[in-house]
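This report describes one protein model, beginning with its charged side-chain pairs and ending with the confidence of the prediction.

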Amino acid sequence: MASSSGSGSGSGCSGSLSAATAAGTEEELRALMEQRRAKRMLSNRESARRSRMRKQRHLDELTAQAAHLRRENAHVATALGLTTQGLLAVDAENAVLRTQAAELAARLGSLNDILACMNTNAAAAVGAVAVSVSLTAAAASSSDPYLAFDGATALDDLLRSCPENMYQLC
């Protein structure tokens, strides 16, 4: 038994060494796992920080783009307002010009009618003057001094003898 106890105590020493080694290994393993976990947490924090920075940068870009689009929209609205005012002014001017054109066309038509009437009356008057001149010339050839031709008096007599509406405007 002595030998068994001796060998047992020898193996007990080596068993406690292995237990100590196992405990040391287990401690090292825990320390290694803790170190890996801390490294992973640090990496995750850094990744989250970069992600927040990307989000913030994207948000800043979108905010700047929105401000730019608002300014551009204001410029377009201003240009549209000016164009609309110009259009209204041109429309008003066109209406005035159309009215003036219609009035001028009506006046031109009236003047053409007056000219046509005057031409008709003038032709009749020329014919009447020719007849009067020939009558006066015939009377002047007679021996009566009162029937001698006087151009101004003959024309006055002719105008008085014509119907009243002959020289009026149509």
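## Salt bridges

The model is a predicted one, and four salt bridges are counted in it. Side chains of opposite charge can pair when their charged atoms come close. Three of the pairs are described below.

Arg30 takes part in two of the pairings described here, one with Glu26 and one with Glu27. In the pair with Glu26, the closest N and O atoms are 2.9 Å apart. In the pair with Glu27, the N to O distance is 3.4 Å. Both distances fall inside the cut-off, because a salt bridge is taken as a side-chain nitrogen of Lys or Arg within 4 Å of a carboxyl oxygen of Asp or Glu. Glu26 and Arg30 belong to helix H1 and are four residues apart, about one turn of the helix. Glu27 and Arg30 are also in helix H1; they are separated by about one helical turn because they are three residues apart.

## A second site in the same helix

Glu46 pairs with Arg49, and here the closest N and O atoms are 2.2 Å apart. Both residues lie in helix H1, three residues apart, which again is about one turn of the helix. Returning to the earlier site, Glu26, Glu27 and Arg30 are joined into one network by salt bridges that share partners.

## Exposure of the paired residues

Are the paired side chains buried, exposed or partly exposed? Arg30 has a relative accessibility of 47% and counts as partly exposed. Its partners fall in the partly exposed class too, with Glu26 at 44% and Glu27 at 48%. At the other site, Glu46 is partly exposed at 30%, and Arg49 is partly exposed at 36%. These five residues are classed as partly exposed because their values lie between the 20% limit for buried and the 50% limit for exposed.

## A nonpolar patch

Leu29, Leu32 and Met33 make a nonpolar patch of about 280 Å² on the surface. Leu32 is located in helix H1, which covers residues 2-141. With a relative accessible area of 35%, Leu32 is partly exposed. That value meets the requirement for patch membership, because a patch residue needs over 30% relative accessible area.

## Overall architecture

The protein contains two helices and zero strands. Of its 170 residues, 6% count as buried. The accessible surface comes to about 13,800 Å², and carbon and sulfur atoms account for 63% of this area.

An unreviewed UniProt entry lists residues 45-72 as "coiled-coil region". In the model this span is 100% helix and 0% strand, and its end C-alpha atoms lie 40 Å apart.

## Confidence

The mean pLDDT of the protein is 78, and 59% of the residues reach 70 or more. Over residues 1-11 the pLDDT is below 50, and this stretch has zero contacts in the model beyond near neighbours in sequence. Where pLDDT is low, the predicted coordinates should not be read in detail.

Conventions:
Residues numbered from 1 in each chain as written. Predicted model: local features only at pLDDT ≥ 70, side-chain atom pairs only at ≥ 80, totals over all residues. Heavy atoms only, no water. UniProt positions renumbered as here; feature names shortened; annotations may be inferred. Patch = residues over 30% accessible without salt bridge, like charges linked within 9 Å, V, L, I, M, F, W, Y side chains within 5 Å. Areas by Shrake-Rupley, 256 points an atom, 1.4 Å probe, with all protein chains shown as cover. Buried < 20%, exposed > 50% of the residue type's maximum accessible area, 1.4 Å probe, protein only. pLDDT = per-residue confidence, 0-100. Contact = heavy atoms within 4.5 Å.
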